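Please examine the sequence and the structure shown here before reading the report.

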Amino acid sequence: MKLFFSPSKGMKYKNFKNLKEFQSSSQNGDLKIKTENLVETLKTLSKEELAKLLKVKDTLLEDAYNQYKFYYEQEEREAISLYDGVSFKQLDLESFSDLEFDYIKSSVLIFSALYGINFGSNLIRPYRLDMTNKILDISPYTFWNESIENFLLPYKDEIFVNIASKEFSKILNRKLFNVIDIEFRQVVDEKIKNISTEAKKARGAMLNYLIQIKADNISQIKEFDRLGYKFSEDDSSENVFIFLKR
């Protein structure tokens with residue numbers, strides 16, 4: 001079973017006590033070449049061009065510009081620890097054991113507009129880029145589609161548990177892979193809503209739970225009950241698991 005997760009815009013260098021036990025790994029060769037091509041293109045952009053592309057300004061623009069200008073001078077860190085958005089703040093990295101880090105290395109995959117896809121243990125550098133940011137003449141989805149598919153082919157007989165946002169997960173070929181989509185909804189005034197920040201927290205809590213139990217079957221997913229969520233049999237289907245918070 002493989003778990004798929006979204007990256008976050010926020011990134012932060014963090015140290016945790018078991019980091020030395022985390023055997024980091026390098027990016028896949030084909031993906032690495034494509035990442036390097038994107039970096040070289042981004043390095044050529046002026047601040048004005050980068051601002052228009054990323055739709056940022058002021059400090060965010062300055063940070064993004066320097067991230068690409070001095071990209072290879074930046075320290076590398078494991079992807080699971082470098083991302084620092086709402087979802088990633090739900091991960092109890094400090095408490096993870098060696099076995100849980102092994103599980104991350106073999107089972108947790110994180111999409112990325114710059115890296116394509118990474119195992120949680122892959123080393124990456126800080127960057128800012130979304131799948132909506134078109135750098136080349138083709139869309140990021142077209143740019144990454146074949147490479148990601150080829151990377152995942154060796155695992156096609158496994159169940160793919162998608163906890164990622166639609167922005168990233170729509171690149172998964174559901175005709176080729178057995179994908180179960182995990183979705184979170186909130187019941188407000190008897191109406192089912194999709195509150196973005198709440199969903200991000202829930203995705204992080206779900207990933208944290210699956211890592212902690214080292215999940216290996218879909219029945220374990222349905223047992224998730226953190227942050228007030230419960231699996232809704234009535235709202236779910238064979239390939240879409242809905243969790244409601246009342």
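The report covers salt bridges, a helix and its buried side, a helix crossing, and a loop residue.

## Basis and salt bridges

The structure is a predicted model. Across the whole of the structure, a search identifies 13 salt bridges. Side chains of opposite charge can pair when their charged atoms come close.

Two of the pairs involve neighbouring positions in the sequence, Glu 75 and Glu 76. Glu 75 pairs with Arg 77, with 3.1 Å between the closest N and O atoms. Glu 75 is partly exposed, at a relative accessible area of 44%, whereas Arg 77 has 10% relative accessibility and counts as buried. Because buried means under 20% relative accessible area, Arg 77 falls in that class at 10%.

## A bridge between two loops

Glu 76 forms a salt bridge with Arg 125, and their closest N and O atoms are 3.5 Å apart. Glu 76 belongs to the loop between helix H3 (58-69) and strand S2 (77-78), while Arg 125 belongs to the loop between strand S5 (123-124) and helix H6 (140-152), so this pair ties together parts that lie 49 residues apart in sequence. Glu 76 is partly exposed, with a relative accessible area of 34%. Arg 125, at 14% relative accessibility, counts as buried.

## A network around Asp 84

The side chains of Lys 89 and Asp 84 also meet in a salt bridge, at 3.2 Å from N to O. Salt bridges with shared partners join Lys 14, Asp 84 and Lys 89 into one network. Within this network, Lys 89 is exposed, with a relative accessible area of 55%, and Asp 84 is buried, with a relative accessible area of 18%.

## Helix H3 and its buried side

Helix H3 has twelve residues, which at 1.5 Å a residue should span 16 Å; the C-alpha atoms at its ends are 16 Å apart, in agreement with that expectation.

Which residues of H3 are buried? They are Leu 61, Ala 64, Gln 67 and Tyr 68. These residues cover an arc of only 130° around the axis and therefore lie on the same side of H3. The buried residues of H3 pack against helix H1 (29-43) and helix H2 (47-54). On the face turned away from the buried side, H3 carries the exposed residues Asp 58 and Thr 59.

## The crossing of H5 and H8

Helix H5 (residues 98-107) and helix H8 (residues 196-213) have axes that come within 8 Å and cross at roughly 115°. The crossing in which H5 passes H8 is right-handed. On the H5 side the contact is made by Glu 100, Tyr 103 and Ile 104; on the H8 side it is made by Leu 210, Ile 211 and Gln 212.

## Ser 95 beside the crossing helices

Ser 95 is located in the loop between helix H4 (79-82) and H5. Ser 95 is partly exposed, with a relative accessible area of 49%.

What does Ser 95 touch, not counting residues up to four places away in sequence? The residues are Glu 100 and Gln 212. Glu 100 of H5 and Gln 212 of H8 are also among the residues that make the contact between these helices. The C-alpha atoms of Ser 95 and Ile 110 are separated by 21 Å, and the two residues are 15 residues apart along the chain.

Terms used: Residues numbered from 1 in each chain as written. Predicted model: local features only at pLDDT ≥ 70, side-chain atom pairs only at ≥ 80, totals over all residues. Heavy atoms only, no water. Salt bridge = Lys/Arg side-chain N within 4 Å of Asp/Glu carboxyl O. Buried < 20%, exposed > 50% of the residue type's maximum accessible area, 1.4 Å probe, protein only. Helix = DSSP H or I, 4+ residues; strand = E, 2+ residues; numbered from the N terminus. Expected span 1.5 Å × (residues − 1). Arc of directions from axis to C-beta. Contact = heavy atoms within 4.5 Å. Axes fitted to C-alpha atoms, helices over the stretch in contact; angles between N-to-C directions. Left-handed = near helix turned anticlockwise from the far one by under 90°.
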